[in-house]
Amino acid sequence: MATLREVAKQAGVSIATASRALAGYSDVSAATRQRVISVARRLNYTPNVLAQNLVRKQSSFFGVYLDDEGLSLTKQPFFLPVICGVRDAAASEGLHMLFLARPGKGSLADTVRVTGVNGLIVMGLVEDDPELGALAEAEIPTVAIDISPVGKVMGAVTSDNERQARLVTLHLLDQGYGRILFVGGKPNTTVHRVREQGYRKALLERGFPPEAARVVLGHFDRERAYAAVREALREGGVDAVFAASDLMAEGALKAVKEAGYKVPEDVGVAGFDDLEIARLVDPPLTTVRQDPVAMGGEALRLLRRLVTGEEGMD
């Protein structure tokens, strides 16, 4: 199926001009409009009415998809405020959100086509998930949170994860801890890799050899992080735990306290995100702040630009 980008390229105009020509805008010359229409007919291009509505500043629907691995939203302390940010930004721009469920059959791209949403914000997927590949192949405008999809109309919203992880590790080192266990997330995600890189860079900066780094995986899950830290404590040689999310830090804190250690006197515990749970646990977690509400808002605005051809379509 031909795309608007292909029509614009063959007509020798920008994507925005091609869209406006097909929508009948008067600010496009008659010659340009006719050239675009001729190319569209030759390529059998079917206009995306929803995208045209966006160009006309009419309200439209965007999809939101969370790969929750069977967990309810109440157990998603990071993604829930991201969704709130998407909702607030959509409301302020006169747009609408539609939550998409995990497809029973077919792909997420198929679900997007059936529902008629003109773009998608995804959370909880990993970079090598086939769903991302299907979205990229179908050239569905997609924005991912904290992962880096590869596609012509795909974008990402994330934090400066490496720098922030480095600073947390340096803070622990400054507090006198020298045997820091890093609890990573899902190994096939950018957010895990760059946070681990930040941790390792901090150790190297302070003169520790590469083998001083000690990494276990918690898969961004409280219970899996708890189990991983409990096993590491049994093996010994840990005086601090840096978890790549506050949710995992909560599990780490439980494991440390159950092992009979005092926090922070015996073992320090730090997280990442600065979610509400970081202040509710005892003792409160050392953590680094992200702004998931702002990330959700930026994801919505980036997706809108992708759909209307203002960004990422070259």
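Over the ring of which residue does the charged end of Lys254 sit? I looked this up and noted Tyr226, with the charged end of Lys254 4.8 Å from the ring centre. I took a charge to sit over a ring if NZ of Lys or CZ of Arg is within 6 Å of the ring centre and within 35 degrees of the ring normal. I also recorded that Arg195 lies over the face of Phe272, at 3.7 Å from the ring centre.

Note on the model. I am working with a predicted model, in which local features need pLDDT of at least 70, side-chain atom pairs count only at pLDDT 80 or more, and totals for chains, interfaces and linings use all residues. Residues are numbered from 1 along each chain as its sequence is written, and side-chain values use heavy atoms, with hydrogens and water left out.

Aromatic pairs. I paired rings of Phe, Tyr and Trp (its six-membered ring) if their centres lie within 6.5 Å, with planes under 30 degrees apart counted as stacked, over 60 as edge-to-face and the rest as tilted. By this rule I obtained 3 aromatic pairs. Phe182 and Tyr199 are stacked, at 5.1 Å centre to centre and 20° between the planes. Phe182 and Phe242 are edge-to-face, with 5.4 Å between centres and 70° between the planes. I entered Phe182, Tyr199 and Phe242 as one aromatic cluster.

Burial. I then asked whether Phe242 is buried or exposed. Phe242 counts as buried because its relative accessibility is 0%; buried means under 20% relative accessible area, exposed over 50%, and partly exposed in between (1.4 Å probe, protein chains only). Phe182 is likewise buried, at 0% relative accessibility.
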